[in-house]
Amino acid sequence: MPKVNLYATFRDLTGTSQLQVEGRTVGEVLANLVRRYPQMREELFEGEALAERVSVFLEGRDVRYLEGLSTPLAPEATLDLFPPVAGGGLEGRFGALPPWLLEHYLTEWGGRKLADGTYTLPGARVRFAEAAPLAVGSLSIPQLWVEVEGEEAGAWWKRIVLAASRGGG
Amino acid sequence: MLGGYAHRIARIDLTSGKVEYFAPDPKDLEMYVGGRGLGVKYVFENGPQVDPLGPENLLCIMNGPLSGTRAKMSGRLAVVTKSPLTGTVTDSHMGGWTAAKLKWAGFDGLLIKGASEKPVYLLVKDGEVSIHDASDLWGKTTHEVHRLLQERHGKEADVMAIGPAGENLVRFANWLNNDERAAGRGGTGAVAGSKKLKAIVVVGKQDKMPQPKDPELWKEADRLASATINDPKNVTAPKKGGLSLYGTNVLMNITNVMGALPTYNAQHTCIEGAEKISGEYIREHRLIKDNTCHACPVACKKMVEVHINGKTIRFESYEYESAWALGAHAGHTDTDWTGYAIYLCNAFGMDTIEAGNAIAVLMEATEKGYYQGEDGIRFGDKEGEIRILEAIAYRKGVGDMLAEGPARFAKAIGHPEIALEVKGQSIPAYDPRGLKGMGIAYATSNRGACHLRAYTPASEILGVPYKTDPLAWEGKGKLTKLFQDLSAFTDSLDLCKFSQFAEGPEEYAKQLAAYWGRPVSPEEILKIGERIYNLERYYNNLAGWAEGSDYLPKRFLEEPSDCAGSKGQRTELDLMLEEYYRERGWEKGVVPPAKLQELGILSQAAD
């Protein structure tokens with residue numbers, strides 16, 4: 001049965017961060033998820049279509065680049081569901097950026113860690129969570145989901161993006 | 001005075017036999033750092049109009065401010081010159097210990113000009129460079145030269161050498177050190193051959209290791225860099241991460257499944273049996289040992305054994321690019337014959353990527369009747385491939401034409417369209433129909449088609465630093481600029497490209513600041529990279545690569561991919577170029593004066 005990881009406000013809405021949901025396609029899994037948590041319907045769908053603002057990843061690929069709701073799922077597939085960010089905030093996923101390193105940057109930049117694990121920076125609040133790693137062939141690349149909210153979100157987001165810049169060869 | 005440097009560079013004139021020494025200008029060090037950047041600066045000052053194979057061409061052997069230190073993955077050495085293959089400025093990097101030992105021997109670089117009448121080699125030791133007769137070494141393979149010079153100068157001596165291909169001015173001849181580490185691309189070995197320079201021996205001991213100007217900051221910088229490289233979840237993690245376990249060749253199965261592996265001279269985008277030349281297969285069936293470079297915990301180098309006609313050949317390394325070029329691109333996936341071809345290219349001192357392309361172009365030309373000589377070969381002819389590699393190195397038969405490079409060969413037989421080249425340099429192992437970012441990266445690379453100027457598969461395959469759709473062209477121009485600038489900087493430090501899978505501008509800035517002894521910001525890192533990339537482009541513009549020089553082979557634009565993962569795809573180059581030029585602030589591939597001034601290049605050039 002496919003596994004679904006939920007992030008940020010989706011966790012508040014469902015009270016869970018991970019669950020297993022039946023379905024042979026992305027659409028079937030999301031429909032079954034909505035059956036179990038009706039409050040997720042307006043978060044995930046616009047009419048019958050996947051809401052523009054929601055990010056649904058299958059093994060690290062946005063399903064919009066695959067076959068959308070018709071994307072077939074293997075029984076062992078993992079879907080990552082990211083909510084839209086309210087209040088002009090920014091969010092995204094970074095590869096090969098360990099959470100401890102982001103915490104190091106945030107502390108170095110004057111951030112303060114709160115009891116719920118989020119960080120406050122002047123004019124912004126940063127949340128992050130380890131997402132399912134991107135598995136490609138014999139490689140596995142850790143993924144970190146990061147969200148920045150607040151009046152100064154843009155400036156801090158830019159700083160995080162620069163720090164997270166990586167490449168390869 | 002900035003820390004990390006020996007503050008000594010040798011200027012060697014092989015025509016007169018004179019050696020002079022100078023301290024690099026501190027302003028140049030701050031603007032161009034070392035390695036690739038500083039080398040490009042010196043090649044620029046030498047003038048863009050020189051004949052690459054003439055005595056006036058400048059051959060720079062450069063290390064960086066972190067070379068020879070304990071900085072992780074700092075074992076790279078830059079060879080910078082004007083390329084005889086492309087006519088552009090080129091830089092090529094090798095791993096091993098030469099960069100570290102050059103620093104310990106008292107040097108930030110060697111600038112070699114002129115041409116000797118008889119073969120020579122250089123001995124670099126204790127802050128001095130001496131020129132020695134190499135008549136007895138001329139004609140020998142790189143492996144033989146390494147052995148003979150280590151017998152002469154001791155096992156601790158580091159040897160980098162050219163092979164018969166460099167002597168015979170094969171336009172894609174390279175340098176090899178530590179037996180198998182290649183500064184592969186752009187024909188820097190032919191430049192050495194034109195100067196009758198067979199080898200460089202470097203003797204240096206670790207007690208000359210430079211110390212950081214700010215030891216406290218260094219402790220912190222090194223701790224962070226080490227921790228992220230060793231993070232068990234990162235691909236660089238020793239003995240755990242995919243790059244450490246399988247080396248570069250972990251990609252073979254992945255690109256094959258994605259329809260992003262050019263095969264049969266890119267007439268197809270996958271091949272049956274790719275597994276047999278993959279990193280996974282090699283690890284299970286041919287691996288002897290995981291080797292490494294100076295200060296590197298990753299150990300991506302793989303010592304392997306192959307078996308040909310009853311003989312066992314041990315060599316390093318069965319890299320992804322080499323295995324593709326001499327296997328899949330040539331229409332076969334034979335584990336042993338591909339390995340043997342890699343071994344021979346290393347022995348002859350030839351770039352495996354360009355050699356593989358030469359083979360593939362000849363195979364397509366033969367099958368289509370474009371080349372009708374008796375020595376033509378068809379796809380999958382493994383023994384024929386070995387014959388042709390030798391013919392190229394010694395310029396025999398069709399090998400003499402191919403030694404000029406696949407682009408010149410294809411043009412000479414009247415079918416330039418079958419050469420998969422940009423600015424005269426052939427493509428590496430990624431098909432831009434299955435990885436669109438590679439299309440813009442190849443087209444805009446300053447040294448001709450190349451995966452190492454901007455490694456967009458990091459994002460398109462691995463999700464680093466963020467995931468993009470490999471089949472989408474949008475955003476790839478912006479991504480390419482970021483990668484080009486970041487890599488121009490790390491090539492100047494000179495750190496391994498693999499470090500970028502774990503480190504970013506914050507980590508690099510801290511390490512450089514600790515050595516330089518003054519603050520360095522992540523923004524400055526990318527600005528330096530941008531400056532170097534623009535200086536290279538300016539050089540190329542002056543050398544004749546101006547408007548219209550950023551192109552792709554027609555095959556990628558017109559012939560759709562035929563394999564699952566990318567079936568039906570073509571490369572949307574024009575759309576990506578528009579986005580890229582906008583990001584760069586260039587006018588159709590030409591750097592405008594305002595950009596040169598903004599980056600401090602023009603005022604300095606005018607000084």
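I began at B:Pro465, which I found in the loop between helix 18 (457-460) and helix 19 of chain B. The model is a predicted one, and I kept that in mind throughout these entries.

**Entry: unusual backbone geometry**

I looked at the peptide bond leading into that proline and found that B:Val464 and B:Pro465 are joined in the cis form, with omega at about -5 degrees. A second cis bond runs from B:Glu316 to B:Ser317, where omega is near 25 degrees, and I placed B:Ser317 in the loop between strand 15 (311-315) and helix 11 (320-326) of chain B. I then turned to phi and noted that B:Asp126, although not a glycine, has a positive value of about 50 degrees; B:Asp126 belongs to the loop between strand 7 and strand 8 of chain B. I listed these sites because most residues other than glycine have a negative phi, and most peptide bonds are trans.

**Entry: the sheet in chain B**

The loop holding B:Asp126 connects strand 7 and strand 8, so I followed these strands into their sheet, which is open, has 6 strands in the order 8-7-12-9-10-11 and shows mixed pairing. Strand 8 (128-133) and strand 11 (181-183) of chain B are the edge strands, and because each has a single partner strand, one side of each is left without a neighbour in the sheet. From one strand to the next I read an average twist of 20 degrees.

Within the sheet I checked strand 9 (residues 158-161) against strand 12 (residues 197-203) of chain B, and found that the two run antiparallel and are joined by 4 bridges. In this pairing B:Val159 stands opposite B:Val201 of strand 12 of chain B. Helix 4 (residues 142-153) of chain B packs on the sheet, where it touches strand 7 (120-125), strand 8, strand 9, strand 10 (175-177) and strand 12 of chain B. I also noted the direction of helix 4, which makes about 145 degrees with that of strand 9 of chain B.

**Entry: where chain B meets chain A**

I next looked up the interface, in which 44 residues of chain B are in contact with 33 residues of chain A. Between them the two chains bury about 3,100 Å², 61% of it on carbon and sulfur atoms. On the chain B side, B:Lys233, B:Pro465 and B:Glu506 lose the most area to chain A, together 17% of what that side buries; the proline of my opening note, in the loop before helix 19, is thus one of these three.

Across this interface I found 11 residue pairs in polar contact, with both residues at pLDDT 80 or more. Helix 7 (215-230), helix 8 (242-246), helix 19 (476-493), helix 20 (505-516) and helix 21 (522-542) of chain B each supply at least two residues of the side that touches chain A, and helix 7 gives the most, with 5 residues. I sorted the residues of that side into 25 nonpolar, 6 polar and 13 charged.

**Entry: salt bridges**

Over all chains the count comes to 55 salt bridges, while between chain B and chain A it is 3. One of the pairs I looked up is A:Glu130 with B:Lys233, whose closest N and O atoms are 2.7 Å apart. A:Glu130 lies in strand 11 (residues 124-136) of chain A and B:Lys233 in the loop between helix 7 and helix 8 of chain B, so this pair joins two chains. I also recorded the salt bridge of B:Glu507 with A:Arg166, in which the closest N and O atoms are 3.7 Å apart.

Note on methods: Residues numbered from 1 in each chain as written. Chains lettered and ligands numbered in written order. Predicted model: local features only at pLDDT ≥ 70, side-chain atom pairs only at ≥ 80, totals over all residues. Heavy atoms only, no water. Contact = heavy atoms within 4.5 Å. Buried area = accessible area lost by both parts, 1.4 Å probe. Salt bridge = Lys/Arg side-chain N within 4 Å of Asp/Glu carboxyl O. Polar contact = N/O pair within 3.5 Å; in protein donor to acceptor, adjacent residues only side chain to side chain. Nonpolar A, V, L, I, M, F, W, Y, C, P; charged D, E, K, R; others polar. Axes fitted to C-alpha atoms, helices over the stretch in contact; angles between N-to-C directions.
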